[in-house]
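Dear colleague,

Please find the structure handed over below. A summary of what was found in it follows, arranged so that it may be read alongside the model.

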Amino acid sequence: MAELTEKQKIKNEKKRLKNEKTLRKMKKNRWWSGFIGFILFSSIVAVTLVVLIAWMMTFVVESKLVEESNNARLIAQLYSEKTSDNKEMDKMLDALNLQRDYIVLDKNGTQLELKGTDTRNGNNSLNYTTAKLGNVVIYQDIQGQFLRIDEENSVDLDFAGIINNKPLAAGGARYIAQENDLIVPFWMGVEVPNSDKMIFVKSAVDMDEGDVIFMGIVIGIIALILVGGYVIMVINLVRGIANHRRINTMLFTDPVTKNTNWTWFKAKGEQLISSRKGAAYNYAVIDFDFVKYRNFCIAHSVEEGERALKDIFDVISAGLLKNEICAHSANAHFAVLLTYVNEENLDSKIRSILSKLEKLYIEHKLAFHVGVEKKGVKLDDRGKAIRRIDANIEQDYFNACAAAEELSESDDSGISYFDEILIEQQKWIDTVNDNQEAAVKNEEFQVYYQPKYDPKTNKLAGAEALIRWNSPEYGFVSPGKFIPIFEKNGFITEIDHYMITHVARDQKRWLDQGFKCVPVSVNVSRAHFVEDDLAEQIRDMVDREGAPHDLVEIELTESAFFDDKNAMITTINKLKEYGFSVSMDDFGAGYSSLNSLKDMPLDVLKLDAEFFRGDKADGRGEIVVSEAIRLAKKLNMRTVAEGVEDRAQVEFLAQHDCDMIQGYYYAKPMPAVEYEDRMRVGVKDVEAEKAAEAANAASNANAEVQAATN
């Protein structure tokens, strides 16, 4: 192809990266990302549970500390109000169920009074202040050092110590604990009101069954919520993986072969071709087209046809190397990406696959058209392979299909390489597509007329309108270079309208100028006959130009009769009702002509030019032509012989009552101005004109010889 612009290269690179990213996302089994998410969520759940338990324990501990600080302040208040009789205070404490060991110290730390035993751990104390507690001093107790005082001035329980060691009852017999209570003793010091003394009261964090049940219920509820979310996450993860695989299968799996499809091939192929590693490989993008696949399905069944497609895929993919891929692209086409060393190696690999495919079934020899687009290695000035950042496998495969299309006329297997000729053809197709609308608008298409003569009288009896393209940019373009393109892209219907309109316009102008006009046939494409109102369209176009209907003949190719026969008959009958005559072109070029004559109410039969070419030694062609003319006469049809080039053919056709002759013997297609001259001649002796032309040509030749001799 032509060199890509920088903008196109950037666009193709973006497209390639997008396809590669899509492929990675869809094909990659992302179990590891799900697993990491699973571990992270599990860790979050575990940490959250630990934090919640710690928070609950801290909440309970602080609640107990507040309760014990209130008791300690009450004892300090009682101590400040007591007399010298300690028995009185003991009675008050007993009454309040506040039996506690306590120590009273002065401001210097000297012990003033002791009730019970001093079991304080002097190595671990804390001045603790909170909004709820106020200012207190807390000591661990040597009998149960499970109340932890850390460096951050906080107090909590040592769970490991509680689990490994059974806590002691606080205050010995003075502290009555219920069975199964969890008791952690400590000492709490508060100021004695209205004095400079401190009283340290032996206290305890006492968690009974109710506390444990409460914490268990709260933690359980929270744990259920977290675990429930965890379970939902796991379910969604599993479901997501399953959905991912299902979508992956739907996106990249061909429903017929149950294997890779075109979407996968396009993404994977561009990834291989444009990769750094792929730069060192020669690649070939190939289209394998199963010839006559539709016939195979008709002869067997659609199911057998699809089974054959699967078998074909298996044969192609069986011999592929690591960097080679295959996919069922569409209908009976298979896209293949092969690596190769040189052209001989590539041809050998393709023929090896082709040979296996042709012998796929013993009872049938299959045929395949193979189109190839080569993507050779590109080297820089240092001989290093250049990465193909402008890779566009979709365009490459289109080129391969275009190459395979060159073999469409053959039913046998063949290989066609996309080359410069096909590139130029494709460029021309693009040129025609780009310019067709403007060409109609600017009247670049011209109507040429090829006269038809009566072979008995040599009088002008009719004409055929033929299109030519006189392009300001591309010059004079023959119909064979643009009509087939119009037939494929559908623009041929616009050309039909253009031709009918211009012929009707010319006929009206010539009538107004006093010419004796003869019917002019205009070819209408088979693509037009899908329209129910075609006859009305033609009638209205001719009426707008003001031409009589009998001066415009609608010409149909024989192939058009193979479509919807009923619709065709209806349209022909309508045209005849509106006063138009209808002719069949190229009679004898197809295989069902007699059937067409039997059913179609035609007015004119045009005998194909091939009848008048080739070897006539055995006279078989003359027999067919004479019988065709005789058959047309019996069906009340006029006959036209086209492609007639010599006098003997004219005499033969005149002898067998052919109505009109069209061909180079009488005249070639000519512009409207020259055709007007033919109409002016009227009954002019065409033979005499041709004799005069021959004499002039001979005279000129003699003059040239004489000049060369001199």
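**Overall composition**

The chain's secondary structure amounts to 20 helices and 23 strands. Please bear in mind throughout that this is a predicted model. The chain has 710 residues, and 44% of them count as buried. About 38,000 Å² of the chain is exposed, with carbon and sulfur atoms supplying 53% of that area. When contacts between residues at least 6 apart in sequence are considered, 67% of them join residues at least 24 apart.

**A five-stranded sheet**

I would suggest beginning with the open sheet of five strands, whose order is β10-β11-β9-β12-β13 and whose pairing is mixed. Its edge strands are β10 (325–330) and β13 (414–417), each of which pairs on one side only. From one strand to the next, the twist averages 25°. As general background, the strands of a sheet pair through backbone hydrogen bonds, in either a parallel or an antiparallel manner.

Within this sheet, β10 pairs with β11 (residues 333–340) in the antiparallel sense, over five bridges. One position may be followed by eye: I325 has L337 in β11 as its bridge partner. Helix α10 (residues 393–405) packs on the sheet, where it touches β9 (282–290), β10, β11, β12 (368–375) and β13. The direction of helix α10 makes about 140° with that of β12.

**Loops beside the strands**

Two asparagines deserve a look. N331 is located in the loop between β10 and β11. Although N331 is not a glycine, its phi is positive, at about 50°. N458 likewise is not a glycine and has a positive phi, of about 60°. This residue, N458, belongs to the loop between β14 (445–453) and β15 (460–471).

Which of the two is buried and which is exposed? N331 counts as exposed because its relative accessibility is 56%, above the 50% cut-off. N458 has a relative accessibility of 12% and therefore counts as buried, since the limit for that class is under 20%.

A further loop residue is R387, found between β12 and α10. Its relative accessibility is 28%, so R387 counts as partly exposed. Which residue, 112 residues away along the chain, has its C-alpha atom 6.7 Å from that of R387? It is S275.

**Two helices**

Helix α5 (residues 209–252) contains I217. Together with I213, I221 and I225, residue I217 forms a nonpolar patch on the surface. The accessible area of these four residues together is about 410 Å².

Helix α13 (residues 492–512) contains D506. Is this aspartate, D506, buried or exposed? D506 counts as buried because its relative accessibility is 11%, and the class takes in values under 20%. Apart from neighbours within four places in sequence, D506 is in contact with Y449 and A672. Of these partners, Y449 falls within the range of strand β14 (445–453).

**Where to start**

For a first inspection, I would propose the sheet together with helix α10, which packs on it. The loop that holds N331, between β10 and β11, may be viewed next. The nonpolar patch formed by I213, I217, I221 and I225 could follow, and then D506 in helix α13.

With kind regards

Note on methods. Residues numbered from 1 in each chain as written. Predicted model: local features only at pLDDT ≥ 70, side-chain atom pairs only at ≥ 80, totals over all residues. Heavy atoms only, no water. Helix = DSSP H or I, 4+ residues; strand = E, 2+ residues; numbered from the N terminus. Buried < 20%, exposed > 50% of the residue type's maximum accessible area, 1.4 Å probe, protein only. Contact = heavy atoms within 4.5 Å. Areas by Shrake-Rupley, 256 points an atom, 1.4 Å probe, with all protein chains shown as cover. Pairing = 2+ DSSP bridges. Axes fitted to C-alpha atoms, helices over the stretch in contact; angles between N-to-C directions. Patch = residues over 30% accessible without salt bridge, like charges linked within 9 Å, V, L, I, M, F, W, Y side chains within 5 Å. Salt bridge = Lys/Arg side-chain N within 4 Å of Asp/Glu carboxyl O.
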